[in-house]
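Thanks, everyone; I would like to take a few minutes on one sheet and the helix that belongs with it, so please keep the structure open while I talk.

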Amino acid sequence: MEFPTLGEHCQFQDCNQTDFLPLQCKCAKVFCREHFNEHCLSGDCELAPKPKEVNLKNDDQIFRCSDKGCKKGNLHEMLCAKCNKHYCIEHRFHPSCPEIDDETMAAKIEQFEAPWRQFREANKHLQEKITENIRKALQSSAKVKTASKIHLMRIKQKAKGPKTILASDRIYFAIKKPENMDPKPTKIIQEEEKILKFENLTLDPDLKDTVPAFISSKWSLGRAIDSICDTCNIKNDNNKISAVKLRLFRQLDNYCISPLKMDVEICELVKNEVLLEGDKLVVEYIDSGVLNELDEHAQLFLS
């Protein structure tokens, strides 16, 4: 052996192995780690140290949730006022407590949910009031610009879209999602004089049942539709052979935005006032056969 003087032999019966990091009991006997624990737990040695009791408050400073199956721990103790046990936030009002009946628990939950419900109701009333004020302002030529800006600000506050789009390139709309994937009925108008004319296009300030979203003004219409579908979680099979296709419509007059040319740029559509920033747009499924039969100069509308 290269270092015969290093380490000591375990004095546990039938062990006698050499341990280079031996543990010594207060009774002066030396043991390896495994047999030191057995020696202390045997109860034969009065001088052996007693097993340390785990005290979460003193040792780990973590309080374990008393709910069955919950493994969460908290740094601060939160005792149930009824059963005096600690529970995490999620199980703060737990049905297992024998002192809490269904009526008491319902009252506690209502106490916490009531402020949130009141806030939602107040916010809903406020939004309706703002919508009504914008609608009145849009009827006045002197206030229409201010009303349009306020309406656009409301959309911008909650708008979602790819964060990679530069702020200077973003253009905002309120998007209405399709209710289902069934193709919607459409009508094709070949003669331009039969199209209903609007002397002044007016924004609809009501944002109910819409998703505020932004796209890039430099994108093509096809890419814009793909991005809107990603943002609004709409199933999109435009790049596949399918029975239905997604198209973009103005809610104002149900007019389909360029049903055949998907490469037209959004900035061009805005410049030609086909699209108006802040307007409500409808994404709908239509029959692929309708598009195949559509003439290049024909106009498509939702029925």
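Before I come to the end of a helix, a word on naming: helices here are DSSP runs of H or I with at least four residues, and they are numbered from the N terminus. Please also bear in mind that this is a predicted model.

With that, α5 is followed by Asn-233, whose phi is positive, near 60°. The helix itself covers residues 221–232, and since 12 residues at 1.5 Å a residue should span 16 Å, the 16 Å between its end C-alpha atoms agrees with expectation. Nine of those 12 residues are buried, so α5 is mostly covered, where buried means under 20% relative accessible area. Among the buried ones are Leu-221, Ile-225, Ile-228 and Cys-232, and the buried residues of the helix pack against β7, β9, β10, β11 and α6, the last being 266–271.

Turning to the sheet, four strands run in the order β9-β7-β11-β10, open and with mixed pairing; β9 (211–216) and β10 (244–250) are the edge strands, each pairing on one side only, and the twist from one strand to the next averages 40°. Strands β7 and β11 pair in the parallel sense over three bridges, with Lys-176 standing opposite Val-282 in β11.

Finally, which side chain makes a polar contact with that of Glu-284? Glu-284, found in strand β11, is buried, because its relative accessible area is 11%, and its side chain makes a polar contact at 3.4 Å with the side chain of Lys-184. Beyond its sequence neighbours within four places, Glu-284 is in contact with residues including Pro-178, Lys-245, Phe-249 and Leu-302.

Conventions
Residues are numbered from 1 along each chain as its sequence is written. This is a predicted model: local features need pLDDT of at least 70, side-chain atom pairs count only at pLDDT 80 or more; totals for chains, interfaces and linings use all residues. Side-chain values use heavy atoms; hydrogens and water are left out. Two strands pair if DSSP finds at least two bridges between them. Helices (H or I, at least four residues) and strands (E, at least two) are DSSP runs, numbered from the N terminus. Axes are lines fitted to C-alpha atoms, for helices over the stretch in contact, and angles run from 0 to 180 degrees between N-to-C directions. Buried means under 20% relative accessible area, exposed over 50%, partly exposed in between (1.4 Å probe, protein chains only). A polar contact is a pair of N or O atoms within 3.5 Å; within protein, one must be able to donate a hydrogen and the other to accept it, and residues adjacent in sequence count only if both atoms are side-chain atoms. Contact means heavy atoms within 4.5 Å. The expected span of a helix is 1.5 Å times one less than its number of residues.
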